[in-house]
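Reader: Hi! I'm new to reading protein models, could you walk me through this one?
Author: Happy to, let's put it on the screen.

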Amino acid sequence: MQKIPNVHNLKNILVLRGEGSLGDAIISSCCYREIKKANPNIKITVVCFGSSVQYLKSNPHIDEIYVLPIRRVLRPNQYWFRLIWHAFILRKRQFDLVLDSSEKPYANWTFFKYIVGGNRVLDCYTSPMPLGKVPGRRNEHEQVILKQLGIKNPSRAYDLYFSQQHRSQRDAFIKAYAPKGYILFNPFGSVKARVLSKHSFARMAPDLYRRFGLPVVIPCMPSKQAQVEEYLEIVGKDSPHFLMYTTPEVFDLFALVESAFLVVSPDTSVVYIASGFSKKAILFYNNYSIYHDPDNPFASIIKTQPASVNLFDYQNFLHVLDNFS
């Protein structure tokens, strides 16, 4: 792209979410808010898929959601026919600008973007300031895009919304089971290497309870209920100290994280939800770099072996607990 238009000269833009994951969608939430703040009359359409759809539909700064028929995170050489079909549909819309901060080098995704926007695509390959070479955390990509559109000093804060109903359900749970507070312990990551095993959970959960005297709560999507019950069987399914909280919507999870005393999780969307609420957190990373940093000054990161988040020094975990006590 030879010349990037100023945000005030744009009427209709398309934002592409190349990951499909909830965590990356949360990171990008600053884009929509800051663009709308700079130009309230602009129309923002977002292409998304996977676990990000429900969350992005709730964002008041997004005017339209276009859902691709993809269920999980996009990989190379997947969904060629679907992507090309929907690319030509979107091309007819003639968006003023197409934005993508995902830095996906896949041929299928690159071709999709080219069909949709042609020379109107702004990403890490067409930007005068290559996003991939910008040092810092993951949402630096969004910050660079916003600044190139003429938005000065954009806020990096994440937007996390949930309704009064979600808050009321959470508060009723707290009143009944955790009146003095609770520790949110999410053992599940997006891939196998980021899942804390039942063995790890059995060691960590009792130590968390003994150290803080607060019940340990596991968030549970309905599809994972049997798996969560297996974890709870190990530490005592009927124990009042280890509890399950069902989160049928992402907003139930937002509400649960917001009021937690401490969040414990491997690298997944919970990391960024905790960051958005500035929660104290213990986070397990098997692939850590500054790019993957949670951007949370209240988080302690335990670096594990790349093969699995279960391969870590347990004494290091206990030392981190001491720092939070």
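Author: Let's begin with helix α7: this is a predicted model, and in it the cover over the buried residues of α7 includes β7 (216-220), β8 and α10.
Reader: Cool! Which residues of α7 are the buried ones?
Author: They are His166, Arg170, Phe173 and Ile174. These four cover an arc of only 100° around the axis, so they sit on the same side of α7.
Reader: And which exposed residues are on the face turned away from that buried side?
Author: That face of α7 carries Gln165, Lys175 and Ala176, which are exposed.
Reader: How does the span of α7 fit with its 14 residues?
Author: Helix α7 runs over residues 164-177, and at 1.5 Å a residue its expected span is 20 Å. The C-alpha atoms at its ends are 20 Å apart, so the two agree.
Reader: Nice. You mentioned β8 and α10. Where is Thr247 relative to those?
Author: Thr247 is in the loop between β8 (242-246) and α10 (250-258).
Reader: Is Thr247 buried or exposed?
Author: Buried, because its relative accessibility is 6%, and the cut-off for buried is under 20%.
Reader: What is Thr247 in contact with?
Author: Leaving aside neighbours within four places in sequence, Thr247 is in contact with Pro219, Cys220, Met221, Pro222, Asp252 and Leu253.
Reader: Switching topic! Where does Tyr314 lie?
Author: Tyr314 is in helix α12, which covers residues 314-324. With a relative accessibility of 9%, Tyr314 counts as buried too.
Reader: Which residues does Tyr314 touch?
Author: Not counting residues up to four places away in sequence, Tyr314 touches Arg203, Met204 and Asp207. There's also His199: along the chain it is 115 residues apart from Tyr314, while their C-alpha atoms are separated by 12 Å.
Reader: Last topic: pockets. How do people look for empty space anyway?
Author: A probe the size of a water molecule is rolled over the atoms, and that shows where empty space is left.
Reader: What volume does the largest pocket have here?
Author: About 1400 Å³. Its lining has 42 residues, and Ser21, Leu22, Ser51, Ser190 and Thr268 lie nearest the centre of the pocket.
Reader: Which elements give two or more residues to that lining?
Author: Those are α1 (22-27), α3 (53-57), β7, α10 and α11 (269-276). You've met two of those names already: β7 and α10 also help cover the buried residues of α7.
Reader: And how does the lining split by class?
Author: The lining of the largest pocket has 16 nonpolar, 14 polar and 12 charged residues.

How values were computed: Residues are numbered from 1 along each chain as its sequence is written. This is a predicted model: local features need pLDDT of at least 70, side-chain atom pairs count only at pLDDT 80 or more; totals for chains, interfaces and linings use all residues. Side-chain values use heavy atoms; hydrogens and water are left out. Buried means under 20% relative accessible area, exposed over 50%, partly exposed in between (1.4 Å probe, protein chains only). Contact means heavy atoms within 4.5 Å. The expected span of a helix is 1.5 Å times one less than its number of residues. The arc is that of the directions from the helix axis to the C-beta atoms. On a 1 Å grid over the protein atoms alone, a cavity is a set of points where a 1.4 Å probe fits but cannot get out, and a pocket is an open set with protein on both sides within 12 Å along at least five of seven lines; lining residues have an atom within 4 Å of a point. Grid points are joined across faces, edges and corners, and a volume is the space filled by probe spheres set on the points. Ala, Val, Leu, Ile, Met, Phe, Trp, Tyr, Cys and Pro count as nonpolar, Asp, Glu, Lys and Arg as charged, and the others, Gly among them, as polar.
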